[in-house]
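The following paragraphs lead the reader through one protein chain, beginning with a single position and widening from there. Please keep the sequence and the model in view while reading.

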Amino acid sequence: MTFEIDRRNLLQMLGLAAVSGSVLSHASFALAQDSDSVTIGWPSDVPSWDPNLRFNPDAQPIFKLVFDQPLDQSPDLKLIPNLITKWELKPDGLSMPFEIRDDVKFHNGDPMTMEDFQYTFIDRVKSGLKLDIANSWRTLTEIEVLSPTSGVMKFSAPTPTAPQWLAFLGSYVVPKKYVESVGAEEFAKKPIGSGPYKLVDYQMNSRVVLERNDDYFGEKPKIKQVTIDIIKDPSARTAAIQSGQVDITVNLPVRETERLGKTEGLTSEINPFTRIIILQMRNDKGFEDKAVRLAAHHAIDKAALSKAFYGGAAVPLSVPATPGTPGFVEDYKFPYDPELAKKLLADAGYTADKPATFTLAATNGQFPSDFDIARALVQMWQKVGLKVELQQIEYSKYFELNRGGQLPEATLYSFDNATGDPEIFAGYLMNPKMPFGAWKGQEIGDKILQLFTEPVYEKRVKGYQDLAKEIVDTGANIPLLQSVQTVVRKKNLNYVKYGNAWVLGKTMSWS
């Protein structure tokens, strides 16, 4: 029996002890703390150590320690220089001159050059490999090299969100020479990036150990070693932070977060951020009838969900965008009206003997109170005459089912948008040609494709706001709440809070 198995069993036992109310010694807080190291309890593993391969929002705070993106974001989500020092998207959206740093080295000592940019964003995208990065850079046709540190990105169609995508999912620069020499499979086993940390140990679904890259071009992290314990079960994460097994963790139930915040030596936070809790809808099977989809939406008391599971901190949503972002529509409200839901069903011919039926899928522990919300939804639907089967799925299974078009009629999901741009809310959720959403209706898809190439910012944002209302009015998506991230940490552990809920080991320090 290996140490890792023993450790997981211990965490599970601690979780049972915490749930049963056992008292854990305050002295146990010394287990994880070391002034030169930090241990993070994280709810999910990376999908692969090839950062271009699969999009997974919760993997980004891990990837960003090992790899670098061309642009970065400040805590308030403004785009800032990183590998790229200057950029200028032309008004027509068809080209973008840019300049890169000349002092960046990969972890094996090889210098980063414009060839690595070309390899990542041109060669890999066109290689035939099934990389998720190919979806975001489908219009990029060429990187014209003007000098060793300057070039021009050229697009086949206006690409107004090119700068945002340079700081978003999958857009990590990988080392051409190394990947070509060892092959893509070996690269995923022994990844090399240019980031502030190097990967020194990896146990799948168990542990990630990172050590500071002392040759990093940017600001050096204060913490030398970052250990990320993959703890999928929220009760086990609760036990891990309470016992001192980890120094910081996220996505605990709100009640546990509030309780632990009152524990000696710990502090807690409940932070709204740029992620939305939604129901992803199909346009067929039990949801082919628009009346059923709209009835399902009118039956949901979103304010009650927020109060019950997030202490009222999660803002009820009527459109798939968060307050303060460009795609949000202030004056549009979709009403909670269970009587209207009953009428819609009755007018469509559904009765107690012949109810509308569908399946709801939900994860358990991927985001705070996810499965509890799912059970509450089932109860709300039952009150208006909807017969619903609840199905639990693993977070990793969700991506497989979604890409294969195998999700059920409704799926409870938390959709991330680190940029806040409306394209990456409604545009990517509802585009039937992309692997992010369950809805395959082409009418909405055609409108999204037009907005993808709209270079005028004001027209693009207005188009997405109108589209967001149409999506909800047709029952193509059911926005529920602005997501919140729960954080519990040791009081003397400092970290930088981001508006998109990145919890980055490189920003941490002890006081």
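Gly365 counts as buried, with a relative accessibility of 7%, in a model that is predicted. The residue belongs to the loop between β13 (356–362) and α13 (370–384). Its classification follows from the cut-off, because a residue is called buried when its relative accessible area is under 20%. Which residues are in contact with Gly365, once its neighbours within four places in sequence are left aside? They are Pro43, Lys232, Pro234, Arg237 and Asp370. A further link across the sequence is given by Asp233: its C-alpha atom is separated from that of Gly365 by 6.0 Å, although the two positions lie 132 residues apart along the chain.

The chain as a whole provides the setting for this position. Its secondary structure comprises 17 helices and 18 strands. The radius of gyration is 23 Å, close to the 24 Å that the globule rule gives for 511 residues, so the chain is as compact as a globular protein of that length. Along the principal axes, the C-alpha atoms fill a box of roughly 70 × 60 × 40 Å. Of the 511 residues, 58% count as buried. Among contacts between residues at least 6 apart in sequence, 70% join residues at least 24 apart. The chain exposes about 20,400 Å², and carbon and sulfur atoms supply 50% of this area.

An annotation from the record can be placed on this chain. An unreviewed UniProt entry carries the annotation "domain: Solute-binding protein family" for residues 78–425. Over that range the chain is 30% helix and 25% strand, and the C-alpha atoms at its two ends are 17 Å apart.

Several buried loop positions deserve individual attention. Asn52 is found in the loop between β1 (37–42) and α2 (60–66), and it is buried, with a relative accessible area of 0%. The side chain of Asn52 makes a polar contact of 2.8 Å with the side chain of Arg124. Not counting residues up to four places away in sequence, Asn52 touches Thr120, Arg124, Leu131, Asp132, Ile133, Gly170, Tyr172 and Val174.

Ser171 lies in the loop between α5 (162–165) and α6 (176–182). Is Ser171 buried or exposed? With a relative accessible area of 0%, Ser171 is buried. Beyond four places in sequence, the residues that Ser171 touches are Asp68, Gln69, Pro70, Phe121, Ile133, Trp137, Trp165 and Leu166.

Ile133 appears in the contacts of Asn52 and in those of Ser171. The backbone oxygen of Ile133 also lies 2.9 Å from a polar atom of the side chain of Ser136. Ser136 is part of helix α4 (residues 133–136) and is buried, at a relative accessible area of 4%. Apart from residues up to four places away in sequence, Ser136 touches Phe55, Trp165 and Tyr428. Asp36, 100 residues from Ser136 in sequence, is 38 Å from it in space, C-alpha to C-alpha.

Helix α9 (residues 254–261) shows how burial can be arranged on a helix. Its buried residues are Val254, Thr257 and Leu260. Seen down the axis of α9, these buried residues fall within an arc of 130°, so they line one face of the helix. The general geometry is relevant here: an α-helix has 3.6 residues a turn, so residues three or four places apart point the same way. The cover over the buried residues of α9 includes α8 (234–243), β12 (266–281), α11 (302–310) and β16 (477–490).

Two backbone conformations also merit inspection. Most residues other than glycine have a negative phi. Leu77, however, has a positive phi of about 75° although it is not a glycine. It is placed in the loop between β2 (71–73) and β3 (79–81) and is buried, with a relative accessible area of 17%. Ala501 likewise has a positive phi, near 70°. Its place is in the loop between β17 (493–494) and β18 (509–510), and at 10% relative accessibility Ala501 counts as buried.

A final loop position offers a contrast in accessibility. Pro91, in the loop between β4 (84–87) and β5 (95–100), is exposed, with a relative accessible area of 74%. The C-alpha atoms of Pro91 and Gln73 are separated by 22 Å, the two residues being 18 residues apart along the chain.

Methods: Residues are numbered from 1 along each chain as its sequence is written. This is a predicted model: local features need pLDDT of at least 70, side-chain atom pairs count only at pLDDT 80 or more; totals for chains, interfaces and linings use all residues. Side-chain values use heavy atoms; hydrogens and water are left out. UniProt positions are given in the numbering used here, feature names are shortened, and annotations may be inferred rather than shown by experiment. Helices (H or I, at least four residues) and strands (E, at least two) are DSSP runs, numbered from the N terminus. Buried means under 20% relative accessible area, exposed over 50%, partly exposed in between (1.4 Å probe, protein chains only). The arc is that of the directions from the helix axis to the C-beta atoms. Contact means heavy atoms within 4.5 Å. A polar contact is a pair of N or O atoms within 3.5 Å; within protein, one must be able to donate a hydrogen and the other to accept it, and residues adjacent in sequence count only if both atoms are side-chain atoms. The radius of gyration is taken over C-alpha atoms; the globule rule is 2.2 Å times the number of residues to the power 0.38. Accessible areas come from the Shrake-Rupley method with a 1.4 Å probe; for residues, only the protein chains shown count as cover.
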